[in-house]
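Colleague: I am new to this structure and would be grateful for a close look at a single part of it. Please take one residue and describe its surroundings, then place it in the wider picture.

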Amino acid sequence: MENLDMTKMQETIQTVIGDIMTMITSYGLDVIGAIGILIIGWIISGWAKGAVDKGLSKFERFDITLRGFFSSIVKYLVLTFTVVAVLGQFGIQTASIIAALGAVGLAIGLALQGTLSNVAAGVMLLIFRPFKVGDYIDAGGHAGTVKALSLFTTDMATPDNVHIVVPNGQIWGGSVTNYSFHKTRRVDFAIGIGYGADIDKAMSALESVIVADPRAHKDPAPLIAVANLGDNSVDLVVRVWCAASDYWGVKFDMTKAFKEKLDAEGIEIPFPQRVIHMVQGKG
């Protein structure tokens, strides 16, 4: 009886081994082919990523973030085709899988419509570069210095150092005012003097303040002119060019210097006033 059981067990083991050998024989080449496809696909994906990154690095408009974004997309596209090829190696119908992945991608796209629009806007901002990190801009309803620009958001800091995160779609969909785009800016002053003051003397005093400030550019030359005859004053306009980084310093310092210089020259800076005549009634 024991000999019979041992015989049956040996037959069972032999049957299992035979089945395994049959599977190895049938699918061995497919497994080897699949492994080969995976290795080749992985190598090609890495090569494609590096090639795209190197190619885009030749264009100054392509930020390093954007280069990484596009090169990663190329890499994962190659890997996706590699997986599809591996599945096809085992006789799996990949058409239905691709259709299912497309449907899932569409559903995800609809669910993340706002996020994807921010990504698209981020790509456009990184390509066209209407501003860069360090620029002071007014965009998306906020003004501040750009601290970081990613595919999703733009980080800004206000002059009083408040951190603001603005979605890229909000910035790309509106106008962008970049105060740091040009190296030079013009500072405008409106100064009123009394009607009894000597206009030429006042203009000469203002000019001496401008000449004494090394931050004021000689080219373009400063402009001092009579802009308007107001109700209470003769309005002078003063326009001075300076480096963009010196704008606020020139604005604040010259405003103070103009006042002090006009006071020293005895030139009145009038203020709105009203004369009231009192008429005493009879009886």
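Modeller: Phenylalanine 258 touches Phe189, Ile191, Leu206, Val209, Ile210 and Val238, when residues up to four places away in sequence are not counted. This is a predicted model. Phe258 belongs to the largest nonpolar core, a set of 23 residues. Together with Phe258, the residues with the most contacts inside this core are Phe189, Leu206, Ile210, Val238 and Met254. Four elements each supply at least two residues of the core: the strands β6 (184–193) and β8 (234–243), and the helices α6 (199–212) and α7 (247–264). Of the contributions, that of α6 is the largest share, at six residues. In soluble globular proteins, nonpolar side chains tend to be buried together.

There is also a second, separate core, which has 14 residues. Among them are Val123, Ala139, Val146 and Met156.

The wider picture includes an open sheet of five strands, paired in the antiparallel sense and arranged in the order β4-β3-β2-β1-β5. At its edges lie β4 (163–167) and β5 (176–178), each of which pairs on one side only. On average, neighbouring strands of this sheet are turned by 40 degrees against each other, direction ignored. Within the sheet, β3 (residues 153–157) is joined to β4 by five bridges, in the antiparallel sense. Aspartate 155 has valine 165, in β4, as its bridge partner.

Key. Residues numbered from 1 in each chain as written. Predicted model: local features only at pLDDT ≥ 70, side-chain atom pairs only at ≥ 80, totals over all residues. Heavy atoms only, no water. Pairing = 2+ DSSP bridges. Axes fitted to C-alpha atoms, helices over the stretch in contact; angles between N-to-C directions. Core = buried A, V, L, I, M, F, W, Y, C linked by side-chain atoms within 4.5 Å. Buried < 20%, exposed > 50% of the residue type's maximum accessible area, 1.4 Å probe, protein only. Contact = heavy atoms within 4.5 Å.
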